[in-house]
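Me: I am new to this structure and would like a friendly tour of it. Could you show it to me first, and then take my questions one by one?

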Amino acid sequence: MSSGRDYDLIVFGFSGYTGKFVAEEVYRLQTEGKRSLTWAVAGRNMDKLKQSMRDSGIENVDVVVADVSDEASLEAMCARTTVLLNCVGPFQLYGEAVVKACINKKCNYVDITGETYFMEKMEAEYGEKAKEAGVYIVNACAFDCIPNDIGALVLQKAFPGELVYTDSYLSTKNTGGFHTGTWESFLYSIRNVKQLSKLRREQHKSPLPLPERKPSKRFFLNYSDVVHKWCLLFPLPDRSVVYRSQRYRYENENVPPYHFRTFFCLASLIQAIFITFFFALLMLFVATNFGLKLMIKFPRLFSGGMASEKGATRKQLEKASFTVTLQGVGYDEHADRNKPPNLKLLVKVRGAEPGYIATSAMVVQSALTLLDERDAMPKNGGVYTPAAAFANTNIVNNLEGTGKIRFEVVPL
């Protein structure tokens, strides 16, 4: 038990689809004797929480009732735990109240969000408050954006020279769909592009001093010789998170920043063209309130049959996997900077089904790393990305220890 509180950690949103996977991962670590913890599950409805415990086979774990619309209940929950794992989305709608309660009650926080506007808004509005309270708020501790953010960190640390740019390629296999909660979070994330641009202008941050040499331009739809697949340029949310990590490490550790791009890989050119048109249509609908409501009301229709209330079956999830291939390009110390870069290094991040199985391992290990290795984290509290928070911890070993994610450095 830490800090004299009732619990080391609480999983908030346990009765939700992703929350069940996260709680099951904590329970597995405890029952297999891999971790001794005091913990609880939490949500807004006691009956649903107890039913979720029966469905998940979780026993002898405390249950806490808290509701995002009830500030007092949130603060009462946060006052009882050292770390809160927040699984309640969409985060734009429900996340801020939880972050605020954590800061007020000096409770550390990790979440599974991939909503760029929410993350950057939390940094802008609560960064200083969290620092003053000595509280760590760490967003994106899941498939968005651990593989890219920690993978890019691994690559930068291993790169034997000056890193100029890194391109990231995501490939998935046998993904059988996703829950409607994930779908709604995705919709809100892409809907907030204009708000995000406005927020960034208001911050007046100086541009990162990126290398003068830039990677060659790529079309939105392009073929990659790195992974030998057709790819789509897909900038959010990982690109934002990686650049925020770079800014922190540049300003606090004098680590030079570099260009970063993310691509999503498809099985064929036909599929890539179809997805391109799908995203174009999606952007048209999500831009209006009416269109957004339609897509939330009819998720299967607008997601091409991928989103459903039940989500993918456990059997489907067990067959799925992902690979993120990061290629770093740069110079060795003797190279002529007027010529093209002469060094390349690959990092491959492989894992189990990304959205729920790998995600649960990632967010739980993030919470445990925060719990165990606070002395290796930034000196003060604040709102952080995973790589900014965990750069000097054992996060890579901790993640690999789950057997659900692996980092491999591949010299070229």
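Me: Thanks! Which residues have the most contacts inside the largest nonpolar core?
Reply: Happy to help, and please keep in mind that this is a predicted model. In general, nonpolar side chains in soluble globular proteins tend to be buried together. The largest nonpolar core here has 98 residues. Those with the most contacts inside this core are W39, M77, L84 and L85.

Me: Which helix gives the most to this core?
Reply: The helix to look for spans residues 354-372. With eight residues, the top contributor to the core is α14.

Me: Which strands does α14 lie across, and at what angle does the helix run to β13?
Reply: Helix α14 lies across β13 (321-331), β14 (343-352) and β16. Its direction relative to β13 is about 65°.

Me: What is the order of the open sheet with parallel pairing?
Reply: This open sheet has seven strands, and their pairing is parallel. One pair inside the sheet is β4 (residues 81-86) with β5 (residues 108-111), joined over four bridges. Within that pair, V83 stands opposite N108. The full order is β3-β2-β1-β4-β5-β6-β15.

Me: Why is one side of β3 and of β15 left without a neighbour in the sheet?
Reply: Both strands, β3 (62-65) and β15 (382-384), stand at the edges of the sheet. One side of each is left without a neighbour because each has a single partner strand.

Me: Which helix packs on this sheet, touching β1, β2, β3 and β4?
Reply: The helix covers residues 71-78, and its direction makes about 125° with that of β4. The name you want is α3.

Me: What is the order of the open sheet with mixed pairing?
Reply: This sheet also has seven strands. Its edge strands are β9 (221-224) and β16 (405-411), each pairing on one side only. Strands β10 and β11 pair in the antiparallel sense over four bridges, and there L233 has F263 as its bridge partner. From one edge to the other, the order is β9-β10-β11-β7-β13-β14-β16.

Me: Which element gives the most to the lining of the second largest pocket?
Reply: That pocket has a volume of about 1,000 Å³. Of its 33 lining residues, the closest to the centre are E123, K205, Y243, R244 and R247. Elements giving two or more residues to the lining are α5 (116-133), α8 (193-203), α9 (238-253) and β15. With eight residues, the one that gives the most is α9.

Technical notes. Residues are numbered from 1 along each chain as its sequence is written. This is a predicted model: local features need pLDDT of at least 70, side-chain atom pairs count only at pLDDT 80 or more; totals for chains, interfaces and linings use all residues. Side-chain values use heavy atoms; hydrogens and water are left out. A nonpolar core is a set of buried Ala, Val, Leu, Ile, Met, Phe, Trp, Tyr and Cys residues joined through side-chain atoms within 4.5 Å. Buried means under 20% relative accessible area, exposed over 50%, partly exposed in between (1.4 Å probe, protein chains only). Two strands pair if DSSP finds at least two bridges between them. Contact means heavy atoms within 4.5 Å. Axes are lines fitted to C-alpha atoms, for helices over the stretch in contact, and angles run from 0 to 180 degrees between N-to-C directions. On a 1 Å grid over the protein atoms alone, a cavity is a set of points where a 1.4 Å probe fits but cannot get out, and a pocket is an open set with protein on both sides within 12 Å along at least five of seven lines; lining residues have an atom within 4 Å of a point. Grid points are joined across faces, edges and corners, and a volume is the space filled by probe spheres set on the points.
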